[in-house]
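Colleague: Could you take me through one part of this model slowly, as you would for someone in their first year? I would like a close look at the largest nonpolar core and what lies around it.

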Amino acid sequence: MADKEQAEVLTGLVSPEAAELYERLQAVGGLPVGAGRGRLDLEAAVGRELRESGVVFMQGAGEERVVRAVHPQVALRRLLDRQHRHLSSLQKDLAVTWERFASMTSPSGGPAEGAPDAGEVRIVRDHAEMVQLAAGLYRSPRRLLRATFNGRLGAKPTTEGVLLPPKDSVAAGAEFRMLYDAEHASGEWGAHSVRQSVLAGEQARVRQTVPLRMMHVDDMVALVTVDRDGTQGALHVHSPPLLRLLAEWFDALWDAPGSTVVGGPGPVDLTPVRRKVLCLMAAGLTDDAIANQTGTGVRTIRRHISAILEILGVEGRFAAGVAAVKRGWL
């Protein structure tokens, strides 16, 4: 997109003050959180407007928190969707802007001048751009988000930094499906962020391992890391065949036995003895130690453990502990 087009991306969709602040964030890359010169006050009216519109996100912790703008294409999609659903009286005014958005992002539409061709797979190596795209794509689905996340976060984010499904999108029927790996979901912050996301409407499942990170939106666009955590960059995908392949891969993992539902039903299938075995197993006790604690033979304990793993749909003791915590069993 040309510089002028980028500067005007939010025109008419937010207040002039919010549009100007978004343009500034785009130009400088981000602003530290707080009141005063050179900072962005999220409690001020314009700061709240941008945040509630879902076109900015935060990075860092404590005094190092920085507000950044999501990618212009994603910001435009997000705001157009909101206007399209809730401001039907403005449909005529939005028509031109919608066509501009569609020409930039739709695989079936003709690309605008300077935009990537439909079907192109673009490599994104700049980490800041990759984070910006991922944050915006998470908030942009009209129908279905398929996403994966793995590994622990380097620095503990703040509560405000948790990306949550937009309320209006969830209310309109958009589904947010996220697969987390056990390493992320078992950490203190990871467990908190997953819990908050589920409360906001996300459908979350946990697997022992997730090989890469992905945001796959409405079968139209995806961002996929080329390695496990994205240190080598990511692919920005508009190719319909590749999008279908990624969707099939995600759906297979989503439905696989090793994927545990976060917030699933209680342990109705566990006997009192198996519940005690699960608690001792989650505490890190060995089979022999559990047998001593319960006055049961080791072989019997191992049969109980096998049954617990089968009920939870996982393959190992650690994954069983994670799955049980996420279901509220421990």
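**A close look at the largest nonpolar core**

Modeller: Happy to! Buried residues make up 47% of the 330 residues in this chain, and please keep in mind that the model is predicted. As you scroll along the chain you will pass 14 helices and 11 strands. Among contacts between residues at least 6 apart in sequence, 70% join residues at least 24 apart.

Now to the part you asked about. The largest nonpolar core has 27 residues, and those touching the most other members are Leu10, Tyr22, Leu25, Leu40, Leu50, Val55 and Val67. Two or more residues each come from α2 (16-28), β2 (56-59), β3 (66-69), α4 (72-86) and α6 (127-138). Helix α2 gives the largest share, five residues.

Let's pick out Leu25 and see what surrounds it. Leaving aside neighbours within four places in sequence, Leu25 is in contact with Gly30, Leu31, Leu40, Leu50, Val56, Val67 and Ala69. Do not mix this core up with a second, separate one of 25 residues, which includes Val74, Tyr180, Val221 and Val322.

Next, follow α2 to another helix. Helix α3 covers residues 45-53, and α2 packs against α3 at an angle of about 75°, with the two axes 9 Å apart. Because of that angle, α2 is roughly perpendicular to α3. On the α2 side, the contact is made by Glu17, Ala18, Leu21, Tyr22 and Leu25, while α3 brings Val46, Glu49 and Leu50. Sorted by class, this contact has six nonpolar residues, two charged ones and no polar ones. You may recognise Tyr22, Leu25 and Leu50 here, since they were also named among the residues touching the most other core members.

Finally, look at the strands. β2 and β3, which both give residues to the core, belong to an open sheet of three strands in the order β1-β3-β2, with antiparallel pairing. β1 (31-32) and β2 are at the edges with a single partner strand each, so one side of each has no neighbour in the sheet. In general, the strands of a sheet pair through backbone hydrogen bonds, in either a parallel or an antiparallel way. Here, β1 and β3 pair in the antiparallel sense over two bridges. To find one of them on your screen, select Pro32: its bridge partner in β3 is Val66.

Note on methods
Residues are numbered from 1 along each chain as its sequence is written. This is a predicted model: local features need pLDDT of at least 70, side-chain atom pairs count only at pLDDT 80 or more; totals for chains, interfaces and linings use all residues. Side-chain values use heavy atoms; hydrogens and water are left out. A nonpolar core is a set of buried Ala, Val, Leu, Ile, Met, Phe, Trp, Tyr and Cys residues joined through side-chain atoms within 4.5 Å. Buried means under 20% relative accessible area, exposed over 50%, partly exposed in between (1.4 Å probe, protein chains only). Helices (H or I, at least four residues) and strands (E, at least two) are DSSP runs, numbered from the N terminus. Contact means heavy atoms within 4.5 Å. Axes are lines fitted to C-alpha atoms, for helices over the stretch in contact, and angles run from 0 to 180 degrees between N-to-C directions. Angles under 35 degrees count as roughly parallel, over 145 as roughly antiparallel, 65 to 115 as roughly perpendicular and the rest as oblique. Ala, Val, Leu, Ile, Met, Phe, Trp, Tyr, Cys and Pro count as nonpolar, Asp, Glu, Lys and Arg as charged, and the others, Gly among them, as polar. Two strands pair if DSSP finds at least two bridges between them.
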